[in-house]
Amino acid sequence: MSREEYLRRACPVCGSSQAREEMGSRIRAEHQPLHQLRPFWSGLFKEKLFFTYHRCARCELLYNPIYFDGDQLAELYGDMAPNMDAVSDEAILATQQGYFERAAQGTRLEGDYLEIGPDVGHIVAQAARSGDFGHFWLFEPNLAIHDALRVAVDGGPATLLADMDDLSPVPDGSVGLAVMIHVLDHLLDPLETLSQLRAKLRPGGGLMIVTHNERSLLRRVLGERWPPFCLQHPELYNPDTMRQLLERAGFTGISVERSRNHFPLSFLARQAAWAVGLKLGRVPLPGWSVGLRLGNILTLAKAPDQAATARPARQLEAV
Ligand SMILES: [Zn+2]
């Protein structure tokens, strides 16, 4: 047994430690020593292996009660390649442009801009071009893409930081738009991060989050083969659990909708074939990209109009 190697967590949204098991892989990550999980983390094996997901008995969040600790995570992320490299640039650009346009509909594009995990900065570049932002605060642990981010801000004032857990360099009440794309379901303590973030927003400032949706049709169809069941996601959200988390972190005006992702048709066909156990190999497939509302949710929220008071504490189990 190697359980003691890993962190034991209560529910990261409500603090309860009552949870029932819901989804496990054939070989469970919590029964393997860390060195045997490394190749699975890097995606070297096709076999699914993840920490067992449980459903919180109180708030219904789907999460891993046993997971990597912060030090293990820092080390594992240290040798990771940038996200989504299997999908073409054109498809990524179309997807990210859609996200930005959605955020721009309900938010004034002024004040400072903050993004956690901007990757190579597709949305940063959009924000620099079409917004009227002051300073850009970019929290990106992958130092190899910091140069690309400097290009994305196009000469605008920017601070690039590698530590995604500490937002303290950002002045309180300064940020007009904050963005987190496929970041929140990677965090050990999402409530802490969102509470910090809310304090950085100006009154009425906007937050946009994109995550997977564990209540999606795709998840029901694919079951254990749903790609977001993996070592990188210590929790997975649905519209209800997302809303609860944001309310606890002090946000208002919360809306959750299914988001559109653009995929090259060839990529989709290969993923689908893989999910049902077919190998397409070198079969030629068309290069079109299609926009699908497929398994992801986009959440918009605001900081309250009144200046925020004390940060809400997580409700303790005994209360
Ligand atoms: Zn809970």
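Me: I'm new to this structure. What does "buried" mean for a residue here?

Reply: A residue is buried if 20 or more other C-beta atoms lie within 10 Å of its own, exposed if 12 or fewer, and partly exposed in between. Keep in mind that this is a predicted model. Take Ala125, which sits in helix H4 (residues 122-130). Ala125 has 21 C-beta neighbours inside 10 Å, so it counts as buried.

Me: How far is Ala125 from Ala152, in sequence and in space?

Reply: Along the chain, 27 residues separate Ala125 from Ala152, yet their C-alpha atoms are 4.5 Å apart in space.

Me: And Ile145, is that one buried or exposed?

Reply: In between: Ile145 is partly exposed, because 18 other C-beta atoms lie within 10 Å. You will find Ile145 in the loop between strand E7 (132-139) and helix H5 (146-152). Ile145 and Pro118 are also 27 residues apart in sequence, with 9.6 Å between their C-alpha atoms.

Me: Now the strands. How do I read a sheet, and what is the strand order in the one with seven strands?

Reply: Strands of a sheet pair through backbone hydrogen bonds, either parallel or antiparallel. Here the seven strands make an open sheet in the order E8-E7-E6-E9-E10-E15-E12, and the pairing is mixed. Strand E8 (158-161) and strand E12 (252-258) are at the edges with a single partner strand each, so one side of each has no neighbour in the sheet. On average, neighbouring strands in this sheet are turned by 15° against each other, ignoring direction.

Me: In which sense do E6 and E9 pair?

Reply: Strand E6 (residues 110-116) pairs with strand E9 (residues 175-181) in the parallel sense, over five bridges. Within this pair, Ile116 has Met180 of E9 as its bridge partner.

Me: Which helices pack on this sheet?

Reply: One of them is helix H6 (residues 190-200), which touches E6, E9 and strand E10 (201-212). The direction of H6 makes about 145° with that of E10. Another is helix H8 (residues 239-248), touching E10, E12 and strand E15 (296-302). The direction of H8 makes about 160° with that of E12.

Me: Which residues touch the most other members of the largest nonpolar core?

Reply: That core has 73 residues, and those with the most contacts to other members are Tyr99, Val124, Phe136, Ala178, Val179, Leu207 and Met208. Strand E9 gives the largest share, six residues. At least three residues come from each of domain 1 (3-78) and domain 2 (89-302). Look at Leu207 up close: leaving out residues up to four places away in sequence, Leu207 touches Ala178, Leu197, Leu201, Phe251 and Ala301.

Me: What is the strand order in the four-stranded sheet?

Reply: The order is E2-E3-E4-E11, in an open sheet with antiparallel pairing. Its edge strands are strand E2 (19-23) and strand E11 (235-236), each pairing on one side only. E4 and E11 run antiparallel and are joined by two bridges, and Leu62 has Leu236 of E11 as its bridge partner.

Me: Last one: what is the phi of Glu60, and what is that of Asp154?

Reply: Both are positive, in residues that are not glycine: phi is near 75° for Glu60 and about 55° for Asp154. Glu60 lies in the loop between strand E3 (53-56) and strand E4 (62-63). With 15 other C-beta atoms within 10 Å, Glu60 is partly exposed. Asp154 lies in the loop between H5 and E8, and Asp154 counts as exposed because 12 other C-beta atoms are within 10 Å.

Technical notes: Residues are numbered from 1 along each chain as its sequence is written. This is a predicted model: local features need pLDDT of at least 70, side-chain atom pairs count only at pLDDT 80 or more; totals for chains, interfaces and linings use all residues. Two strands pair if DSSP finds at least two bridges between them. Axes are lines fitted to C-alpha atoms, for helices over the stretch in contact, and angles run from 0 to 180 degrees between N-to-C directions. Two residues are in contact if their C-beta atoms, placed from the backbone, lie within 7 Å. A nonpolar core is a set of buried Ala, Val, Leu, Ile, Met, Phe, Trp, Tyr and Cys residues joined through C-beta atoms within 7 Å. Domain bounds come from an automatic or database domain assignment.
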